[in-house]
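Have the model open in your viewer and the selection box at hand. We will go from the whole chain to single side chains, one stop at a time.

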Amino acid sequence: MKLLIAFLFIFQMTVCLAQADDPGSNGGGAGTGVDLPGSGGNNGGGNSGSTPIAWPSELWDRFSNDLEDELDSQGAKLNASIFESLTDLELYKLGFGTNNSISINVQRKVYNNHDILDTYTVIDFMRVPLTIPIPIPLDDGFRIGGGNVGMSLGLNMSLNTTNIRQVLPKGLDKLPSLTELNQQATDVMALDDAVNNDQTTDENESDSNQPTSADVTDIDPAISDRPTPGGFILENLGQVLVWRSENPLTRARYKRIWNLMTHPFRLPFTEKAFERLDNGEIVSYALDGSIQLGGSVGWSGIEFAGVEGLSVGLSVSTYLHGGYKVSIMKESESQVQLKVSRRDGDGWAASIGVGAPEHEVFSGVMVLGSNVGRITEQVIPFNLSVNRPQAKSFDVGYRYDMTKEEAKKAYFKACFGRLKMSDELSLKEGSGVTKVFTREQRTQSENINYRMKLSLFLQRGHVTSQTTAQARITLGDDVHHIFRATNVNSRGYDTLWEDGEQRRYTFDTTISREDFDDSLDKGLALKIEGSMEDLYTTGAEAHEYMTELMVATGQTDLFPILPKFDPDVKCTDVGLTRWSTRNPRRNDPRGRVVDPCNNHRRQASYGKTRFFYRLGFTRAQLEKFINLPEERMWEVLAVAFGVKPERFSSAGARASSAFLNSYATLLNIPLNFIDLHLDRGSMVWEAKKFHEQWMKLKLINDPKEMTKIFAEMFHTRWHSQNFMKIMKLSLIGEDIAYYVSADARLLFGTISKQGKTVDDVDTISGRAAELIEFDRLGSRTNVDTSANVNNLSIKKLEKGKVEVSFDLSQEPKLVYVRVDRTTTWRSYKVLAKYIIKNTGFLKKGKNTFVVNKDGTDLLSKLFKRAIFNDQYNTLMMAINAKDASWGPVAAKRFRIRPPKEDEASLREELRRLREAERERQRLEHEEEQQERQEDEAQASLYDYEV
């Protein structure tokens, strides 16, 4: 930010000095009193062919707009940073003995539900970990290569509580049902004064398909124009308050902030405590413990790359762990669901890393004799850890009718893990206790975690996990044996200079033994998910992300065509003509010779973006994939990995390709320590491994073995995107279920689209997950993913007119439209929020309407004050096409600046007037000369006659 401001100041001063040095910049145009670009010289003369470029106002507008955008972005980051700092705290830590400690930690996580009400899922945690390391003494002289060797037995216990609740925007207690909305929409309602004062429209503007006031419902009329109490002072003070409760995100972050510390005291162990819970609120409490035996060796005082005091460590350990957890969800005033989970397991872990001692960034402040807010940082050049746990778990869930005394007693006993009464009552009809589910599960996992942290400047991370599970799930009277393989590959980085990227891929294979054995088209499903979040997206990166989504879905028209580069910049565009004549060539920092008057391109910057897709493959499609002929397999692998098919066509060709790229294979060994990779060095080996597992699938028909093969097939650290391409290329022509969403504020706003429903490919495990994992971390959504608003855009037309365009996946019954003021440094405000009944004016496909600042049509009256205000605003839309579910919300952030005179036209008009004035002066001069000549001629004739 400081560099940007300094650059603007220096650049402005440079141009001003350049103008001051140019004698032509001080001339005055005849008849105008001002000198504009292209006006020529003084007194109507000068060089009419030259066009010196003065400081262009368009350039300054562009710089000032960029500066405002940067300030707005910094405000949003500041808000997020303050929230994270305030809600991830170690409240208290007590050390006793040598290395023993107990502490109290709290944290809040906020997840956007992406629904039309702008609700958020807020999760509060409190953890009380107890750590008791027991060192095992060794001989003093026992060392390995000069490194210190140690062994220890560690005892760890942790008491954890969690509170999960939904936070609604201020003034909204519930989402109206579809019946209520239709009833409201059919009543003639009074709109604001601007609508009420003008009930007539021109005949040319009337249209039976346009919405009328009877078709519009203001969800909360008081929200649109809520007066600020206190008059002028409070009204203006409110403009700079960032933490206004009207902002849904701010409300979610800070509402009931004390709940971080108090929610453990609100656990529903009594009838009064249960009544205090909100409907839909979830609480859980757990006790975890582990015993760990490990050995380590470390070397300290190492200097590397100019950094002193580094230490290198290697550790290996084995452990036993177990846990017990109770989760409670209040479904209504009389219904509650309770789940008891028990798990135990064992495993081993190993890690190797290089680190530096912590250094203090901020010493904190003293509060009541304690140091609060101390911030420390540590340099970790790299840390690589491997963890291989295996566990077995048991989950059981009951639903209780709290209006029945026996069920109530059973619930309070179950809160403390006593389930005998609940189990007995669940066998009695009408007892008020129902057993909802049971699950017995065994899992085996492998997790590889890489981390690098260079103090405040750069952080990188990479996590690769592979998990296989087999479970016996009972839902009512139905028993299902589920086999599952899950592969997750996640990597990302973050920098101090606001650049960061996160990528995550998931391959989830599910087999239901009963359906697999009884049917030929059910019981086997695969889901693939890919997500990409980028804080600073270049043009090339945006094309890469969009291309991946289009390849994954097969939809080539998902996104508008976008340039990779900014428009070509010429000297005449940035006022460098005079500068370039003095300095025709210069060297740039990279050593290239650049002529600033020649066109040059730079990567476009599209700000923060997010892309997500989910694919669903049915059993029939997976059978087709498995039975693909072997000769076709290598063709698919070659195309997916981006090489010529002949390089993979035979064993000799593959060996030759591996040999030619062996340099990259060797380089990948050290590069892995800094989380970098050359694809050339591993693509042959990854293709061979995938092919081997692919061939095994042709010979195996046992669900348990098949999940293991799928888990090994999709296990990779760097080639998840290639594996997705393999699946798509193997099933060309198949109608694959997909869901895709993208959010890019500077590009196209929000886009979401769905083909066939992905969840339909795996109904058993999906239904079981909704019931069993009700206490999961993350958002809670109830969205009709088939009702989408795509390609939402808003652009300025001529003076006082704005065009809003969007694509609809279905013809809607109701349309939700909302505009919020979202300027970071001013108070958040809902400017307009309406539900409009569709009377035929919106169709499936592309739709466009125009908001006119001076228009008398209903849409202009509703939204003109929310659009033409020279502020950063966000337009949101969602549609309802069936039942009571709304589609996902599409959003577009925009700013419509007030109309200005067209400066180019103004300059052209002044130039024309100036030329006309010069022509008038020329004609007057010619007339004067002609009169003088005539006078001279008359005088000569008189002299001759005399």
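Start with everything shown: among contacts between residues at least 6 apart in sequence, 71% join residues at least 24 apart, a contact being heavy atoms within 4.5 Å. This is a predicted model, in which local features need pLDDT of at least 70 and side-chain atom pairs count only at pLDDT 80 or more, while totals for chains, interfaces and linings use all residues. Residues are numbered from 1 along each chain as its sequence is written, and side-chain values use heavy atoms, with hydrogens and water left out.

Now switch to a cartoon view. The secondary structure comes to 25 helices and 31 strands; these are DSSP runs numbered from the N terminus, helices being H or I with at least four residues and strands E with at least two. Of the 946 residues, 41% count as buried. Buried means under 20% relative accessible area, exposed over 50%, and partly exposed in between, with a 1.4 Å probe and protein chains only.

**Stop 1: helix H13**

Select 539-553. Helix H13 has 15 residues and reaches 21 Å from its first C-alpha to its last, close to the 21 Å expected at 1.5 Å a residue (the expected span is 1.5 Å times one less than the number of residues). Its buried residues include Ala-542, Tyr-545, Met-546 and Leu-549. To see what they pack against, add strands S18 (500-512), S19 (524-534) and S22 (609-617), helix H22 (720-730) and strand S23 (737-744). Just after H13 comes Gly-554, with a positive phi near 80°.

**Stop 2: aromatic rings**

The structure holds 18 aromatic pairs. Rings of Phe, Tyr and Trp (its six-membered ring) pair if their centres lie within 6.5 Å; planes under 30 degrees apart count as stacked, over 60 as edge-to-face and the rest as tilted. Show Tyr-545 and Phe-611, a tilted pair at 5.6 Å centre to centre and 45° between the planes. Tyr-545 lies in helix H13 and Phe-611 in strand S22, so the pair ties together parts that are 66 residues apart in sequence. Is Phe-611 buried or exposed? Phe-611 counts as buried, at 0% relative accessibility.

Next, pick Phe-625 and Trp-694, a stacked pair at 4.6 Å centre to centre with 15° between the planes. Phe-625 is in helix H16 (residues 619-626) and Trp-694 in helix H20 (residues 683-697), 69 residues apart. Both are buried. Add Phe-507, Phe-690, Phe-710, Phe-714 and Phe-723, which form one aromatic cluster with Phe-625 and Trp-694.

**Stop 3: salt bridges**

There are 31 salt bridges here, each a side-chain nitrogen of Lys or Arg within 4 Å of a carboxyl oxygen of Asp or Glu. Select Asp-775 and Lys-339, whose closest N and O atoms are 2.9 Å apart. Asp-775 sits in the loop between helix H23 (763-772) and strand S25 (789-796), and Lys-339 in strand S9 (residues 335-355), 436 residues apart. Asp-775 counts as buried at 8% relative accessibility, and Lys-339 is buried with a relative accessible area of 2%.

Then try Glu-405 and Lys-408, joined by a salt bridge of 3.6 Å, N to O. Both lie in helix H10 (residues 405-414), three residues apart, about one turn of the helix. Finish by selecting Arg-256, Arg-266, Asp-278 and Glu-281, which salt bridges with shared partners join into one network.
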